[in-house]
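Please open the structure in a viewer and keep a selection tool at hand. The stops below are meant to be visited in order.

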Amino acid sequence: MRELAALRPARLLSAHGPTVREDAVPRLFDAMARIPPCPPGCPAPTSTSRRRSTPTSPPPAEPPLRPHTNRGEPCPTPSSPTRPAARVVTVFSDIWCSFAHIAVHRLHTTRARLGLEEQVSFDLRAFPLELLNDAPSPRPGTDSEVARMASLEPAAGWQLWQAKDWLYPSTTLPALEAVLAAKEQGLRASEQLDLGLRRAFWAESRCISHRKVILDVAADTGAVDVDALAEALDDGRARRDLADQAALSRTDRVDCSPTCSCPTAPTTPTPASTWAGRARTASAGR
């Protein structure tokens with residue numbers, strides 16, 4: 001049996017940081033496979049929307065002792081935004097991040113290869129670089145990453161921007177909000193919309209800041225109720241979640257895009273990444 005340290009979640013690189021080693025995602029799933037089944041009373045891995053129904057029974061009591069992070073802080077509690085439910089991989093990232101595009105693609109392909117599509121879900125959360133940088137992602141930087149990233153993971157889908165220049169997205173906030181709003185329909189709907197929006201931008205040169213494009217991508221997934229998503233976007237019900245996750249991304253609790261974590265341990269850097277230094281300093285200009 002591996003030591004507990006082997007079950008720690010993987011931090012899979014920084015936006016404008018290192019690339020992901022290919023063994024990072026399989027190692028993460030290997031750790032997930034060792035997680036015991038969720039005990040009675042544990043919340044099911046469904047939507048994390050704020051508009052959930054009131055539970056019929058009180059949540060389980062907090063255990064008297066909890067592990068600590070390498071900073072000496074208590075691990076997040078089960079209700080914390082950084083503490084996912086069992087058998088859920090939580091991913092903080094931006095759709096603009098090419099490294100996150102690789103990481104999310106590998107998460108999906110590895111889960112399928114291991115036959116864990118019914119056992120493991122992905123909880124996609126926002127690490128909005130434009131809010132951390134106080135500016136949109138510069139297109140020259142994004143274009144410069146395409147060839148290198150494509151050589152590492154061609155199947156993720158890549159191309160230099162092919163549409164008209166004025167159609168290049170100036171923001172990913174509407175797309176990130178849509179991914180959060182889709183969680184009302186379940187994590188599967190949110191996963192598929194997130195994956196579709198990443199491919200739409202990186203592989204198809206579609207303007208994912210445009211509402212119609214977002215809804216068209218949602219329809220293409222076959223997993224999203226487009227009318228329900230449109231209603232959620234119209235009333236902005238996921239915008240508070242987006243703002244909360246942006247605020248969390250500014251803290252030491254989430255370091256980079258993407259940050260992936262399992263429910264068995266605090267989020268810590270992984271040996272699978274060769275990055276040294278503070279990713280957020282590079283990606284957020286801090």
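Begin by selecting strand S1 (residues 88–93), helix H2 (residues 98–113) and strand S2 (residues 121–126). In this predicted model, S1, H2 and S2 form a right-handed β-α-β unit. The two strands run in the parallel sense and are paired over 6 bridges. To inspect one of these bridges, display Val-91 together with Leu-124, its bridge partner in S2.

Next, restrict the selection to S2. Is this strand mostly covered or mostly uncovered? It is mostly covered, with 6 of its 6 residues buried. In a regular strand, side chains alternate between the two faces of the sheet. On one side of S2 are Ser-121, Asp-123 and Arg-125, and on the other are Phe-122, Leu-124 and Ala-126; both sets are buried.

From Ala-126, proceed to Asp-244. The two residues are separated by 118 residues in sequence, and their C-alpha atoms are 9.2 Å apart. Asp-244 belongs to helix H9. Its relative accessibility is 29%, and Asp-244 therefore counts as partly exposed.

Now select helix H8 (residues 226–235). Which of its residues are buried? They are Leu-229, Ala-230, Ala-232 and Leu-233. These residues span an arc of only 160° around the axis, so they lie on the same side of H8. Turn to the face directed away from that buried side to find the exposed residues Asp-227 and Asp-234. Then add helices H5 (173–181), H6 (187–202), H7 (211–221) and H9 (239–249), which are among the elements covering the buried residues of H8.

Examine both ends of H8 as well. At the N-terminal end, Asp-225 acts as a cap, with a side-chain oxygen 3.2 Å from the backbone nitrogen of Asp-227. Just after H8, Gly-236 adopts a positive phi of about 65°.

The last stop is the largest nonpolar core, which comprises 55 residues. Leu-193, Leu-197 and Leu-229 have the most contacts inside this core. H6 supplies its largest share, 7 residues. Centre the view on Leu-193 and display its surroundings. Which residues does Leu-193 touch, leaving aside those up to four places away in sequence? The list consists of Ala-178, Val-179, Ala-182, Ile-214, Val-217, Ala-218, Thr-221, Val-224 and Leu-229. Leu-229 thus returns the view to H8, where it is one of the buried residues.

How values were computed: Residues numbered from 1 in each chain as written. Predicted model: local features only at pLDDT ≥ 70, side-chain atom pairs only at ≥ 80, totals over all residues. Heavy atoms only, no water. Buried < 20%, exposed > 50% of the residue type's maximum accessible area, 1.4 Å probe, protein only. Helix = DSSP H or I, 4+ residues; strand = E, 2+ residues; numbered from the N terminus. Arc of directions from axis to C-beta. Contact = heavy atoms within 4.5 Å. Polar contact = N/O pair within 3.5 Å; in protein donor to acceptor, adjacent residues only side chain to side chain. Core = buried A, V, L, I, M, F, W, Y, C linked by side-chain atoms within 4.5 Å. Pairing = 2+ DSSP bridges. Right-handed = clockwise from strand over helix to strand, strands pointing away.
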